[in-house]
Amino acid sequence: MKDLYLGTASFGMNYGITNKNGHVHEQEVKEMIRFAENSNINGLDTAAAYGNAEDLIGEYTKNNDKLKISTKMQNQERHEFKNEDVRQWEQMFEEQLQRLKRNSLDTYMLHSVEELKKPGSEILLDWLFNIKRRGKIRRLGLSIYDISDLESVDLSLFDVIQGPSSIYDQRLGNDVFINIKNKYSLSFQARSIFLQGLILQPTIH
């Protein structure tokens, strides 16, 4: 079964190569979420880094669990993780839940594979497994840009891999990725399917 998610980067950011109008206005956000709820769209994909997107999603999906929520952890500036960071992550995560007006999330992702390469990354992973065991998230995910990002990553730890995929961008659609996906029973969440709007532009003759 395939789920269809609505990307929300443009809710809180001037997102997109072809974007000339800035971020989506709040009334349009409301209308888009209502459209998603009444269509065959299963969820919303967002991130802590997408401006106030989480706040808007929380406001217009509160008391409504029809749409699954997938969001991402804010990338950490520090170059090494320590046990005392757990309290900060816990607070950050609870603030995301408050913004989204949810008690739990369908999917929580690392926004960058670089977090797994830092000293002390096992502390971060232990915390992520902990919030999953507590029922705060259903699935743990990882956002990537290229198949090489998965080198040295223990894929058995994750439930979802998110990466770019479109009719012009098939770098993750090769046999190598398909074999990895099947071996670890991973779900793949395709993003940038319209190349940030480029595919939707009229052809210039």
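Leaving aside its neighbours within four places in sequence, which residues is threonine 107 in contact with? The list is Ile69, Ser70, Thr71, Arg139, Gly141 and Val160. Keep in mind that this is a predicted model, and let's use that threonine as a way into the fold.

**Around threonine 107**

Threonine 107 sits in strand β4. With a relative accessibility of 0%, threonine 107 counts as buried, because the cut-off for that label is under 20%. Its side chain has a polar partner too: a polar contact at 3.1 Å goes to the side chain of arginine 139. Then there's leucine 140, which is 33 residues away along the chain, yet the two C-alpha atoms are separated by just 5.8 Å.

Arginine 139 also turns up in another setting, since a network of salt bridges links Asp106, Arg138 and Arg139.

**The overall layout**

Stepping back, the protein has six helices and seven strands. Reading from the N terminus, the order is β-α-α-β-α-β-α-β-α-β-β-α-β. Of its 205 residues, 44% count as buried. The accessible surface comes to about 11700 Å², and carbon and sulfur atoms own 48% of that. If you take contacts between residues at least 6 apart in sequence, 72% of them join residues at least 24 apart.

**The nonpolar core**

The largest nonpolar core holds 46 residues, and the ones touching the most other members are Tyr108, Trp127, Leu128, Leu142 and Phe158. Elements giving two or more residues to this core include the helices α1 (9-12), α2 (26-37), α3 (53-61), α4 (85-100) and α5 (121-133). On the strand side, β3 (68-73), β4 (105-110) and β5 (137-143) do so as well. The top contributor is α5, which gives six residues.

Leucine 128 is a handy one to click on. Not counting residues up to four places away in sequence, leucine 128 touches Tyr108, Leu110, Ile137 and Leu140.

**Strand β6 and its partner**

Strand β6 covers residues 160-164, and five of its five residues are buried. β6 pairs with β5 in the parallel sense, over three bridges. To find the pairing on screen, look for serine 143, which stands opposite glutamine 162 in β6. Val160, one of the contacts of threonine 107, falls in the range of β6.

**Salt bridges**

A search of the whole structure turns up 13 salt bridges. Here are three of them, with N to O distances and the relative accessible area of each partner.

| Salt bridge | N to O distance | Acidic partner | Basic partner |
|---|---|---|---|
| Arginine 34 and glutamate 37 | 3.1 Å | Glutamate 37, 7% | Arginine 34, 32% |
| Glutamate 59 and lysine 62 | 3.4 Å | Glutamate 59, 34% | Lysine 62, 38% |
| Glutamate 114 and lysine 117 | 3.3 Å | Glutamate 114, 42% | Lysine 117, 51% |

In the arginine 34 pair, both residues lie in helix α2, three residues apart, which is about one turn of the helix. Why is glutamate 37 classed as buried? Its relative accessibility is 7%, and buried means under 20%. Arginine 34, at 32%, is partly exposed.

Glutamate 59 and lysine 62 are partly exposed, at 34% and 38%. In the last pair, glutamate 114 is partly exposed at 42%, whereas lysine 117 counts as exposed because its 51% is over the 50% cut-off.

Methods: Residues are numbered from 1 along each chain as its sequence is written. This is a predicted model: local features need pLDDT of at least 70, side-chain atom pairs count only at pLDDT 80 or more; totals for chains, interfaces and linings use all residues. Side-chain values use heavy atoms; hydrogens and water are left out. Helices (H or I, at least four residues) and strands (E, at least two) are DSSP runs, numbered from the N terminus. Buried means under 20% relative accessible area, exposed over 50%, partly exposed in between (1.4 Å probe, protein chains only). Contact means heavy atoms within 4.5 Å. Accessible areas come from the Shrake-Rupley method with a 1.4 Å probe; for residues, only the protein chains shown count as cover. A nonpolar core is a set of buried Ala, Val, Leu, Ile, Met, Phe, Trp, Tyr and Cys residues joined through side-chain atoms within 4.5 Å. A polar contact is a pair of N or O atoms within 3.5 Å; within protein, one must be able to donate a hydrogen and the other to accept it, and residues adjacent in sequence count only if both atoms are side-chain atoms. Two strands pair if DSSP finds at least two bridges between them. A salt bridge is a side-chain nitrogen of Lys or Arg within 4 Å of a carboxyl oxygen of Asp or Glu.
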